[in-house]
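Good morning, and thank you for making room on the agenda. I would like to take the group through one structure, beginning with its charged pairs and then turning to its sheet and its cysteines.

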Amino acid sequence: MAEAIAQGLIQAGKVEAQHVLVSAPTDRNLCRFRALGCQTTHSNREVLQSCSLVFFATKPHILPAVLVEVARVVTAEHILVSVAAGVSLSTLEELLPPMARVLRVSPNLPCVVQEGAMVMARGRYAGSDEARLLRTLLEACGQCEEVPEAQVDVHTGLSGSGVAFVCAFSEALAEGAIKMGMPSGLAHRIAAQTLLGTAKMLLQKGQHPAQLRTDVCTPGGTTIYGLHALEQGGLRAAAMSAVEAATCRARELSRK
């Protein structure tokens, strides 16, 4: 995810690659950033000493140790952004110096292709200027909305995990076409393009999905027969339950 964010910012011209400094314990992950033209180091403190806007994109269980490591070099000039799932703003603030300006971002995988769906939440000492700066930068990676922290776990269930749910649906659509005789490659391309085109229509027209669905249906036509089959299979309830289950798991991990 760190690579996706860096790539989005650089490709959109928000920052120059040589002004991005990335740290990691080994060279295994740093080679990708070097390929983008970024500077690299093995010192987390060096990043804090060189940069005022810092993204923490570690695994959740590693982040507390990293924050303790860098806390001594955090100043009032820093804007600190956590991308780690399940680590609350209160935990971040407890591990950092008083008055540290902290924000939490929940991205999803399509940030890799600059079509991410992200939300962010502010800590107690991060103001509207910091939120505006971060949102402006992250819009290079897709859509970014500011929300109360309580909605971050819901975003994880809807959009973080939702990527896998959408892939499962796309796969099922394609397999239906394969069953009816369409070549596999063609079926998967058309299914993916159908999802892409539908998403663009929903976003650009601002329509409720029910309205667009109604527009596609004609009395006695193919679509209403297919929708009836989906209702019989429990698609709507299964999708709602999937988001609920993923959200509950995100909340459970946050409590840990």
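Asp129 is exposed, because its relative accessible area is 52%, and the cut-off for that class is over 50%. Please keep in mind throughout that we are looking at a predicted model. The side chain of Asp129 forms a salt bridge with Arg132, and the closest N and O atoms of the two are 2.9 Å apart. Both residues belong to helix H6, which covers residues 128-138. They are three residues apart, about one turn of the helix.

That pair is part of a longer list, since the structure holds 12 salt bridges. Let me describe some of the others.

Arg32 and Glu3 meet through their side chains in a salt bridge, at 3.7 Å from N to O. Which parts of the chain does this pair tie together? Arg32 lies in helix H2, residues 27-36, and Glu3 lies in helix H1, residues 2-11, so the salt bridge ties together parts that are 29 residues apart in sequence. As for their surroundings, Arg32 is partly exposed, with a relative accessible area of 44%. Glu3 also counts as partly exposed, at 26% relative accessibility.

A further salt bridge joins the side chains of Asp27 and Arg34, with an N to O distance of 2.9 Å. Asp27 counts as partly exposed at 40% relative accessibility, and Arg34 counts as partly exposed at 39%.

There is also a network: Arg104, Glu149 and Asp153 are linked by salt bridges.

I turn now to the sheet. It is an open sheet of five strands in the order E3-E4-E5-E6-E7, and the pairing is mixed. Which strands stand at the edges? They are E3 and E7, the latter covering 142-146; each has a single partner strand, so one side of each is left without a neighbour in the sheet. From one strand to the next, the twist averages 25°.

Let us follow the strand order from E3. Strand E3, residues 53-56, runs parallel to E4, and four bridges join the two. Within this pairing, Leu53 stands opposite Ile79 in E4. Between these strands the chain passes through helix H4, residues 63-70, and this β-α-β crossover is right-handed.

Strand E4 itself covers residues 79-82. Are its side chains buried or exposed? Ile79 and Val81 point one way from the strand, Leu80 and Ser82 point the other way, and all are buried.

E4 is joined in turn to strand E5, residues 101-106, by four bridges, and these two strands run parallel. Here Leu80 stands opposite Val102 in E5. The chain travels from E4 to E5 by way of helix H5, residues 89-95, in a β-α-β crossover that is right-handed.

At the following step, E5 and strand E6, residues 116-122, pair in the antiparallel sense over four bridges. The bridge partner of Ser106 in E6 is Val119.

Next, a contact between distant parts of the sequence. Val154 lies in helix H7, which covers residues 152-160. In sequence, Val154 and Ala246 are 92 residues apart, whereas their C-alpha atoms are 8.2 Å apart in space. Leaving aside residues up to four places away in sequence, Val154 touches Thr247 and Arg251. Val154 counts as partly exposed, at 33% relative accessibility.

My final topic is the cysteines, which may interest those of you planning work at the bench. A disulfide is a covalent bond between the sulfur atoms of two cysteines. How many disulfides does the structure hold? The number is zero. Why is Cys31 not bonded to Cys38? The closest cysteine sulfur to that of Cys31 is in Cys38, and it is 12 Å away, too far for a bond. For comparison, the cut-off for a disulfide is a pair of cysteine sulfur atoms within 2.5 Å.

With regard to accessibility, Cys31 counts as partly exposed, at 42%. Cys248 is likewise classed as partly exposed, at 41% relative accessibility.

That concludes my presentation, and I thank you for your attention.

Technical notes: Residues numbered from 1 in each chain as written. Predicted model: local features only at pLDDT ≥ 70, side-chain atom pairs only at ≥ 80, totals over all residues. Heavy atoms only, no water. Buried < 20%, exposed > 50% of the residue type's maximum accessible area, 1.4 Å probe, protein only. Pairing = 2+ DSSP bridges. Right-handed = clockwise from strand over helix to strand, strands pointing away. Axes fitted to C-alpha atoms, helices over the stretch in contact; angles between N-to-C directions. Contact = heavy atoms within 4.5 Å. Salt bridge = Lys/Arg side-chain N within 4 Å of Asp/Glu carboxyl O.
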